[in-house]
Amino acid sequence: MDICAIVESDLQAISQLYVSVFSNPPWNEDWEFAWAYERLNWIYQSQGFAGYIALDSKQILGAIMGHAVPFKGEKGFEIVEFLVTAKYQNQGIGNQLLAQLELNLKQDNYDFTWLLTLKNTDAESFYSQRNYQRDCKIVLLNKEL
């Protein structure tokens, strides 16, 4: 398996994987390819983008992507999307993608990284085991318009 930087031509395959992953537990979300592609392309085009894919025999098994978010003079990075195809979860692919991202962020002098995920899920457990911590001062609020 290889870990490679995401290039624009990868977005279609990542979008197909995105629909597959997030349509299943624990998310069970309704996604269409066009919506996924629009979202991932927006992230890809964002200022300070960084992202990596895990490849095995030219098939994308997983991806991690996000962008720079400066905060109070520090260099932060928001992980916006992180996914591994269900068949290959719990085989170290997520570890390798996250490690590659964090290595490159350290080399680029980032101060911190952050993300949003579902509470009390395998995803939260994955991050907790890698020293990501719940921020008890922040709450996500949203409003339907």
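1. Orientation of α1 and α2. In this predicted model, helix α1 (residues 11-22) and helix α2 (residues 33-45) have axes that cross at roughly 125° and come within 8 Å. The two helices are therefore oblique to each other, since the angle falls outside the 65 to 115 range for roughly perpendicular and is not over 145, the limit for roughly antiparallel. The crossing of α1 and α2 is right-handed.

2. Residues at the α1 and α2 contact. On the α1 side the contact is made by L11, Q12, I14, S15, Q16, Y18 and V19. On the α2 side the residues are F33, A36, Y37, R39, L40, N41 and Y44. Sorted by class, this contact has nine nonpolar residues, four polar and one charged.

3. The salt bridge. The count of salt bridges comes to one. The pair is E81 and R39, whose closest N and O atoms are 2.5 Å apart. E81 belongs to strand β4 (residues 74-84) and R39 to helix α2, so the pair ties together parts that are 42 residues apart in sequence. R39 also appears among the α2 residues in contact with α1.

4. Accessibility of the two partners. E81 has a relative accessibility of 6% and so counts as buried, the cut-off being under 20%. R39 has a relative accessible area of 33% and is partly exposed.

5. Surroundings of M65. M65 sits in strand β3 (residues 59-71) and is buried, with a relative accessible area of 1%. Leaving aside neighbours within four places in sequence, M65 is in contact with I6, L11, L40, I43, Y44, F49, A50, G51, E78, I79, V80 and E81. Several names recur from the points above: L11, L40 and Y44 take part in the contact of α1 with α2, and E81 is the salt-bridge partner of R39. V19, another residue of the α1 and α2 contact, has its C-alpha atom 16 Å from that of M65, with the two positions 46 residues apart along the chain counted as their separation.

6. Surroundings of I93. I93 is found in helix α3 and is buried, its relative accessible area being 5%. Outside the four places on either side in sequence, I93 is in contact with M1, A54, L61, V84 and Y88. I93 and M1 are 92 residues apart along the chain, and their C-alpha atoms are separated by 8.8 Å.

7. D56 and E29. D56 is in strand β2 (residues 50-56). At 32% relative accessibility it counts as partly exposed. D56 and E29 are 27 residues apart in sequence, and the C-alpha to C-alpha distance is 26 Å.

8. Backbone at N109. Most residues other than glycine have a negative phi. N109 is not a glycine, yet its phi is positive, near 65°. N109 is placed in the loop between α3 (93-107) and β5 (112-115). Its relative accessibility is 58%, so N109 counts as exposed.

9. Backbone at N131. N131, also not a glycine, has a positive phi of about 70°. This residue is found in the segment after α4 (122-128). With a relative accessibility of 68%, N131 counts as exposed, the cut-off being over 50%.

Conventions
Residues are numbered from 1 along each chain as its sequence is written. This is a predicted model: local features need pLDDT of at least 70, side-chain atom pairs count only at pLDDT 80 or more; totals for chains, interfaces and linings use all residues. Side-chain values use heavy atoms; hydrogens and water are left out. Axes are lines fitted to C-alpha atoms, for helices over the stretch in contact, and angles run from 0 to 180 degrees between N-to-C directions. Helices (H or I, at least four residues) and strands (E, at least two) are DSSP runs, numbered from the N terminus. Angles under 35 degrees count as roughly parallel, over 145 as roughly antiparallel, 65 to 115 as roughly perpendicular and the rest as oblique. A crossing is left-handed if the near helix is turned anticlockwise from the far one by less than a right angle, and right-handed if clockwise. Contact means heavy atoms within 4.5 Å. Ala, Val, Leu, Ile, Met, Phe, Trp, Tyr, Cys and Pro count as nonpolar, Asp, Glu, Lys and Arg as charged, and the others, Gly among them, as polar. A salt bridge is a side-chain nitrogen of Lys or Arg within 4 Å of a carboxyl oxygen of Asp or Glu. Buried means under 20% relative accessible area, exposed over 50%, partly exposed in between (1.4 Å probe, protein chains only).
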